[in-house]
Amino acid sequence: MDEKQIISRLNTEQAEAVRTAEGPLLILAGAGSGKTRVLVHRISYLINVLGVWPGSILAITFTNKAADEMKSRVEDLIGPDSGKIWVMTFHAACVRILRRHAEELGYTRYFTIYDSDDSLSVMKDIFKAKRIDTKRFREKQVLALISSAKNELVSPDRYAETAGKDFYSREVGSLYEEYQKRLLASNAMDFDDLIGKTIELFKRFPDILGLYQDKFRYLMVDEYQDTNTAQFSLISLLAEKYRNLCVVGDDDQSIYRFRGANIRNILNFEQIFPDAKVIRLEQNYRSTGNILEAANAVIRNNRGRKDKKLWTENEEGAQVRFRTFENGYEEADFAADEIRRSVSEGKASYRDYAVLYRTNAQSRLFEEKFIFRSIPYKLVGGVNFYARKEIKDLLAYLKTVNNAVDDLAVSRIVNVPKRGIGQTTMTKIQNFAYDGGLSLYDAAVRVGEISQISASAAGKVRSFTGFIERLREEAGQLSVSSLLKKVVEETGYKDMVKAQDDEETASDRLGNIEELVNKAVQYETQNENPTLSGFLEEVALIADIDSVSDGDDKVLLMTLHAAKGLEFPKVYMAGMEEGIFPGYMSINSEDALAAIEEERRLCYVGITRAEKLLTLMAARERMVRGNLERFPVSRFVREIPREMLESGKAPASRTRLSLPGSGPLGPAKAFAPSGKAAGGNAAFGRSFPGGRASGGLSGGGVSSVRKSANAPKPEAAKKTSAGAPSKGTLSYAVGDQVNHVKFGNGVVREIVDRKKDFEVAVDFPAWGTKRFLAAYANLKKVE
DNA sequence: GTGCCTGCTCACGGG
DNA sequence: GAGCAGGCAC
């Protein structure tokens, strides 16, 4: 494709952006203004017109889905050479660099990537080991602080320095240090480390940085408004030498402040790069005039944004609709009914629709109604596939084979499925590992040297390590999927699932296992050089949204966050209520102003997803965490001038809220739906406007449901009798001194002959009298 | 050693 | 409403 062809497909501003190949460039790309089009054509221009070598281009996106889309569109334009371009997410690019240079930083190239669940497990272990009072510190909170520290490039050392005398900060600092120590010992990095360690690599080894600066002479960053300080620093380092940095973003769509996104990166780009060229893309090709006007009306209430106004040549289209309902059920039913009707009348396909909401918890009602009306849908988000227990277990086997010093993976699977290696044995192995500076796995291999472990327990440990050894030997010859299948078969994992779950759950989980095997096969076919660590890496970096494909004729259900970058002919935005959206957390937050502006940007993102028809929905009352709450209509709805909204009849609803005027809101601080602020008395917590205390709804009703759900099943009796140990005889009598693993030595005070076993009462000097069943207590007579 | 029950806590968004 | 730690029963 030559220059003329490329330019002919673009408008004036787009063409200018494509032609600006050298120097810093900021493209302010409004929603639906064709920014992917610009990026793709810019790459084509660099290669086809300027003769740039494809391997010297690095294009960074935030999701794999965006990267894949860009890759395939570039391939359409320039052909197979496109494979040489690095089009990938921040995290993937960093992993690729780190695998090559991990040794320099004290890791091996087989390092494991920890997701947030993994990080939480590590932190819980640390809390236990350091006996941290969980009333004063919370694991998640500490992790959040560590994460923000990493996003701001604050090392444990510097954290400790700046903590000063503040007790809390000092403690967090020491937890941060310990956390990093454990990750390094496990040859593991968390998501933030992937960025941070790459920066560390570049800063400590200027020659390595130089290598990549020379390689990536042309840098492009998509969704630039969502970069955090660390990511910005990474880009700056790479761009320092040749300064060919093109960033594309929209400050109005910055919605990831909570995970460290620094909106100043885009707002101050021209200060940081004074010679930067700025190009604005303000023509929208996606939405109707009415939808765009509504979006503009909402977003103009934000301060501190770059001035811009989207416009379109598209038709005005239908008015934006606003519907109110008695409750969340009616809201969901309305959308389901409309969708089903217009599809059955042949006016639309399921894939034309998306339902967007603020929180994942809101999806349930829609799922119910969609199932009830047989509407095919796909739920994006919620519990990530790779976060499911069975998937994490099986992957932990692969991780152990790949990186045996990953203590977290080892402790996850050492007794899953059950092989009789319980907490007691594990504690002994852990102590041995700790004393000798060994990994858990190495300690387990040397189980014979641990004197307190009985021969039978040691045998069980050996059969585990033997199994891993065999897998490791075969890993060289076997494909990833064959290795995975072997793990599933030889551990008896499926039998465990069938035995411990009810039929429906078991079939779900077995399906997930099949799905994982499929993913492994898919990975092998799609990669020229498939490796075990390559597969684990791909799996670690995948996001739920990545699985959404245009092929399925399904309604999409997802959060507003997940919807960024997507577009649909018809969009429903649910839960347009004060307290839901904007959420009460932002209304009540310390910097409510900034928090609500971020919510407003989220609303803007939602509105601009719609091409032809947008429906805003609100319910008068809804169940929030088991409590019935009432919320007024969202301020965002009120920010759209009345005459722009069509608030016609809502067939599913009998009573409708009248549309409130656009006057100022009442006191925002009134929201405290969780009841926390009221010192535990839930009735006082529900202080919604005009609130009536609907006490009594939570307690009794909920627990009676739980009871009936857990009614004993007929097979319960069978299970227990099968698993019970035999009674046998005792090696000690009343008055004897005995030893217990946890409580130490004590004196037997009483032995009672129960039907199946002896009940033994023992006096311990430090613990008082404890009662055990002999078969389980494993008491040993002290001679 | 393990499974089950209970009470407690937490609770927005996600790579 | 859900997930989890801790206690209890077998």
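**A protein beside DNA strand B**

Let me begin with one contact, in which an N or O atom in the side chain of Thr-424 sits 2.3 Å from a phosphate oxygen of DNA strand B. Please keep in mind, as we go on, that this is a predicted model. Which elements give two or more residues to the surface near DNA strand B? They are helix H10, covering 191-204, helix H20, covering 423-436, and helix H28, covering 584-587.

Two further contacts are worth finding on the screen. Arg-138 places a polar side-chain atom 2.3 Å from a phosphate oxygen of DNA strand B, while for Asp-192 the partner is a base nitrogen of that strand, with a polar side-chain atom of Asp-192 lying 3.0 Å away from the nitrogen.

Now let us take the surroundings as a whole. DNA strand B is surrounded by 24 residues, and the closest of them are Arg-138, Arg-358, Asn-360, Thr-424 and Arg-625. When the residues of this surface are sorted by character, eight are nonpolar, ten are polar and six are charged. On the DNA side, if we take the atoms of strand B within 4 Å of the protein, 51% belong to sugar or phosphate, and the rest belong to bases.

Finally, I would like to turn to a piece of the protein fold. Strand S2, residues 57-61, and strand S3, residues 86-89, run parallel and are joined by four bridges, and one bridge pairs Thr-61 with Thr-89 in S3. Together with helix H4, which spans residues 64-78, S2 and S3 form a β-α-β unit, and this unit is right-handed.

Technical notes: Residues are numbered from 1 along each chain as its sequence is written. Chains are lettered from A and ligands numbered from 1 in the order in which they are written. This is a predicted model: local features need pLDDT of at least 70, side-chain atom pairs count only at pLDDT 80 or more; totals for chains, interfaces and linings use all residues. Side-chain values use heavy atoms; hydrogens and water are left out. Two strands pair if DSSP finds at least two bridges between them. A crossover is right-handed if, with the strands pointing away from the viewer, the path from the first strand over the helix to the second runs clockwise. A residue is near a molecule or strand if one of its heavy atoms lies within 4 Å of it. A polar contact is a pair of N or O atoms within 3.5 Å; within protein, one must be able to donate a hydrogen and the other to accept it, and residues adjacent in sequence count only if both atoms are side-chain atoms. Ala, Val, Leu, Ile, Met, Phe, Trp, Tyr, Cys and Pro count as nonpolar, Asp, Glu, Lys and Arg as charged, and the others, Gly among them, as polar.
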